[in-house]
Amino acid sequence: MTPAGRPAEPLSLSEVEALAREAHAAQQDKAGRPYAEHLQAVAEGVRRLGGDDEQIAAAWLHDSVEDDALSERWLTDAPLTPRTKDIVFALTKRTGEPPETYAERILATPGARLVKEADLAHNADPARLAVLDATTRARLTAKYATMRALLGLR
């Protein structure tokens, strides 16, 4: 809220990007690359798939709570649109949650499926998987295929 009691303007996409890059600055992906490269690829994928600014913002933040880069409290209070927050919360996996429950939440949240589609596309990129050991590559390939099927993605 602003001092006048009005809700704060939502962060711009460039502000969301900068925030996400800073929050994940110390993290690397499974291949040892800076984690922000994954976030950027997902955001670009959402844009290519026709996503709107709220979905692109969610793409930048989609792993922030799950990876403890930002807290649930921060996300709840953040100057973001309710839809962006809903998408990020929908994409945040819960410990011990079955994939079916996770997929149902994504499908029930407007805009979340497209962000997850872009996330899965980047995660399953053969060039990205190729640098992983065979066991990890096989495990992740099966995991991503299962989630794509649960979400009704080709």
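The buried residues of helix H3 pack against H1, H2, H5 and H7, where buried means under 20% relative accessible area, exposed over 50% and partly exposed in between (1.4 Å probe, protein chains only). Helices here are DSSP runs (H or I, at least four residues), numbered from the N terminus. The model is a predicted one, in which local features need pLDDT of at least 70 and side-chain atom pairs count only at pLDDT 80 or more, while totals for chains, interfaces and linings use all residues. Residues are numbered from 1 along each chain as its sequence is written, and side-chain values use heavy atoms, with hydrogens and water left out.

H3 is mostly covered, with 7 of its 9 residues buried. These are Gln55, Ile56, Ala57, Ala58, Ala59, Trp60 and Leu61. At the start of the helix, a side-chain oxygen of Asp52 comes to within 3.1 Å of the backbone nitrogen of Glu54.

H3 also matters for the count of core residues. The largest nonpolar core (buried Ala, Val, Leu, Ile, Met, Phe, Trp, Tyr and Cys residues joined through side-chain atoms within 4.5 Å) has 37 residues. Those with the most contacts inside this core are Val46, Trp60, Leu61, Leu91, Val115 and Leu151. Two or more residues each come from H1 (13-23), H2 (35-48), H3 (53-61), H5 (82-91), H6 (99-108), H7 (112-123) and H9 (134-150). The largest share, 6 residues, is that of H3. In soluble globular proteins, nonpolar side chains tend to be buried together.

Trp60 gives a close-up of this packing. Leaving aside neighbours within four places in sequence, Trp60 is in contact (heavy atoms within 4.5 Å) with Val16, Glu17, Ala20, Arg21, Ala36, Leu39, Gln40 and Ala43. A second tryptophan, Trp74, lies in helix H4 (residues 72-77). Trp74 is partly exposed, with a relative accessible area of 25%, and touches Leu19 and Leu80 when residues up to four places away in sequence are not counted.

Two helix pairs can be set side by side. Axes are lines fitted to C-alpha atoms, for helices over the stretch in contact, and angles run from 0 to 180 degrees between N-to-C directions. Angles under 35 degrees count as roughly parallel, over 145 as roughly antiparallel, 65 to 115 as roughly perpendicular and the rest as oblique. A crossing is left-handed if the near helix is turned anticlockwise from the far one by less than a right angle, and right-handed if clockwise.

H3 and H5 pack at an angle of about 40°, with their axes 9 Å apart, and are therefore oblique to each other. H3 passes H5 in a right-handed crossing. In this pair, Glu54, Gln55, Ala57, Ala58 and Leu61 of H3 meet Arg83, Thr84, Ile87 and Val88 of H5. For H5 and H6, the angle is about 165° and the axes are 9 Å apart; these two helices are therefore roughly antiparallel. H5 passes H6 in a left-handed crossing, and Phe89, Ala90 and Leu91 in H5 meet Tyr102, Arg105 and Ile106 in H6.

Turning to polar groups, His122 sits in helix H7 and is buried, with a relative accessible area of 18%. A polar contact (a pair of N or O atoms within 3.5 Å; within protein, one must be able to donate a hydrogen and the other to accept it, and residues adjacent in sequence count only if both atoms are side-chain atoms) of 2.8 Å joins the side chains of His122 and His38. The His122 side chain makes another polar contact, of 3.2 Å, with the side chain of Arg128. Apart from neighbours within four places in sequence, the residues in contact with His122 are Glu37, His38, Ala41, Val42 and Arg128.

Finally, Asp68 lies in the loop between H3 and H4. Its phi is near 60°, a positive value in a residue other than glycine. Most residues other than glycine have a negative phi. Asp68 is exposed, with a relative accessible area of 68%.
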